[in-house]
Amino acid sequence: MGKESEKHLLSPGVYYLQGSQACTEGAITAGCRVYAGYPITPASEVMEHAALRLPQVGGRFIQMEDEISSASVLLGASWAGAKAMTATSSPGFSLMQEVISFAIMTETPLVIVDVQRPGPGQGYITTSQEDVMQARWGHHGEGSIIALSPASVQEMYDFTIEAFNLAETWRSPVLVMAEETVAHMREPLTIPPQNQIEILTRKKPQDLGIPPHSFLPYGHDIVPPMANWGEGYNVNHVSLVHHEDGNVTKYDRKTHFDSVLRIKQKIEGNVDHISRIETRFMKDCRHVVICYGSVSRTAVEAVMEARRECGIDVGFLRLVTLWPFPETKLREVVDNVDTVFVPEINLGMMKHPITEALRDRCKRIVSIPTLGCLHSPEMILSKIYEVAK
Amino acid sequence: MKRHPMLKYLKEKGPAGPRMPTIMCPGCGAGQVLNYTLHAVDDILREDGIKKEEVVFISGVGCSSRLTSHYLEFDSGWTIHGRALPIATGALLANPSLKIIVFTGDGDAMAIGGNHFIHTCRRNLNVTILCINNGLYGMTGGQVAPTTPAGIATTTTPYGNIEEAFDICKMAETAGASYVARWTTAHPRQTIKSIKQGVRKRGSAVIEILSQCPVHKKASAVDMLRELKATTVSIKKTSCQPKGKTPIGVFCDKNKPEWTEKYQEIITQHSSRENR
Amino acid sequence: MNRLYINQDYCKGCLICVDVCPKHAIGASDRLNSKGYILPDEIDMSECSGCMLCEMVCPDFAIAVETDEEAYRHGGET
């Protein structure tokens, strides 16, 4: 990032911004210089802000003809050396699944923001957490994915930067699973000084002293170094089952198994480095509320109310990263509780991996579902009271 | 022993073993188009002072797209069915100095990627689109394509095709491409010349190359090439198109602003201001 | 005299090269390669004008014609 474009980043200070705008600002800070998108409520504001801001920092914005092409643009941009992003909402996210699968297999760093809205179908245009399973399992085939779940305007900024860092570090598509609630929310955003923000970029063969003739586009390491187009490495991006050198002629079962396993394991095997949880009141608690995204804002209210007013010993655990699922971290902090409450803006989706992780650590797992709107603290509290009183 | 001069641009083998001969069926026109393209690129590299690393090949999925599967000693991408053009768009947005050549087929460009084809031409993005038109889906077994002539029987039109065929060149010209031409695999020198013009053109250049599929048409490549010559007519030679003959030649060659050039003006204008 | 070289591993026997040769300097041989494809061969290379059309149209990069001039440049005997 040249000094010329740096001066167009937001200067350190406190701003009053919408979550969508904070997301775009985070992307620009992270070094995003290509943005492609297609209008969809409630995600369009991310794109509108990108259209305004990208040329100011020397980047390029394009409004494409659909969500498939928007996501496809990221592939070409990433291969040509740029950090690239798109934002969409749930129906558009469905359309992007093939690109996500392709990006997993070609190990392409890119960032997709899904400002979730209810489904199925057109559903509605309010808030939702109904894509959290699609995020992990929507793409065809094996592999893994990284997905973050922001809960505030500040996190829309911070997590978008983190998303780019993770994408570049692990050569993987990274999803920011925002919700309409956080995208349309307005609250203060603190921009720290540039030198306090960690910005990571992909490892290149040049950095490791690997010359073009001995470069293996899918080799060298569990996360292979990535050569950009235009730098003389004659790199071929290919999503058919391939050898380390990109050869697709000689199919063999072992190469197939080993290469796809590596692509999955570089994420799943590093879940402890990648995934984060946040906890409060967990010490010796009898019950725990496990939540993510904007629900964590009302859930923490409910937990505090339950402890203070009802004397119910309930802890609070928030999944900051949804995927790879932080199972070990969950098992480290949840041990022998009565009830795990899982409030979600869906009919019980993350409840499933939570159950898988904690089935021997609790007596019951209680889903607190809602659709189309954020839980009120009372809604969560009444369920806690009903079960735990 | 002399070897084919274009082999210098091909990855014949690597650590995982040989990559050639190509996967193409005997007599496939796609291999010929690759040969013509490399001849054109060879000339351009010598004549224009362009570096080899500035040239990027992108394809989607299909027989035509296998050309970039792993043979080229260039930067390349063998990508998603129909999406080569948006991917080329992304590469151009990241690095507008790249010379991008897209190999696509009639199914890849006209059916699944039809919308991207239209909008790439409309934006006049600086990309050379080589559309190898064999009139069917070869890779998947010879199904009907948007370019299959009416009446033809294929594996999915066993009673004959009831739909009209697309005219790729008319579509490209209407959508706004700077350069549009049609040749056949039986016209090597003209095709090479057109590819050179297309790569040199600032803006979208669409070159449709009518090609043979000896396997699914159950004919010999030589007979099919003769037929391609016999059933086409140069637009230079005739003002009125003889009935039943397909016009070939350069249909459109104009100079107009290219997308990244226009966007650069926006960058220049809006990045020079001090902090917002 | 120009010389014809056929890469037997790459040739798929389509014989497009034979059809395009304006001088009938090359033709189908009675030799098959390991995959059973009919290989092209010289008929009368003294007729070859070095137009390189056969190199240009080959879908498999399997044919090469070395002209006298090329052979001379590479230090071979003509």
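Start by selecting chain B and chain C of this predicted model. Their contact draws on 33 residues from chain B and 28 residues from chain C. Between them the two chains bury about 2,300 Å², and 63% of that lies on carbon and sulfur atoms.

Next, show Lys2(B), His4(B) and Arg189(B) as sticks. These are the residues of chain B that lose the most area to chain C, and together they make up 26% of what that side buries.

Keep Lys2(B) on screen and add Glu70(C). The two form a salt bridge, with their closest N and O atoms 3.2 Å apart. In total, the rule finds three salt bridges across the interface of chain B and chain C.

Now move to chain A and select helix H2, residues 19–30, together with helix H8, residues 153–170. Their axes come within 7 Å and cross at roughly 30°. Angles under 35 degrees count as roughly parallel, and H2(A) and H8(A) are therefore described as roughly parallel to each other. The crossing of H2(A) past H8(A) is right-handed.

To see what makes this contact, colour the side of H2(A) first: Gly19(A), Ser20(A), Ala22(A), Cys23(A), Glu25(A), Gly26(A), Ala27(A), Thr29(A) and Ala30(A). Then colour the residues from H8(A): Val153(A), Met156(A), Tyr157(A), Thr160(A), Ile161(A) and Phe164(A). By class, the residues of the contact of H2(A) with H8(A) are nine nonpolar, five polar and one charged.

Methods: Residues are numbered from 1 along each chain as its sequence is written. Chains are lettered from A and ligands numbered from 1 in the order in which they are written. This is a predicted model: local features need pLDDT of at least 70, side-chain atom pairs count only at pLDDT 80 or more; totals for chains, interfaces and linings use all residues. Side-chain values use heavy atoms; hydrogens and water are left out. Axes are lines fitted to C-alpha atoms, for helices over the stretch in contact, and angles run from 0 to 180 degrees between N-to-C directions. Helices (H or I, at least four residues) and strands (E, at least two) are DSSP runs, numbered from the N terminus. Angles under 35 degrees count as roughly parallel, over 145 as roughly antiparallel, 65 to 115 as roughly perpendicular and the rest as oblique. A crossing is left-handed if the near helix is turned anticlockwise from the far one by less than a right angle, and right-handed if clockwise. Contact means heavy atoms within 4.5 Å. Ala, Val, Leu, Ile, Met, Phe, Trp, Tyr, Cys and Pro count as nonpolar, Asp, Glu, Lys and Arg as charged, and the others, Gly among them, as polar. Buried area is the accessible area (1.4 Å probe) that two parts lose on being put together, summed over both. A salt bridge is a side-chain nitrogen of Lys or Arg within 4 Å of a carboxyl oxygen of Asp or Glu.
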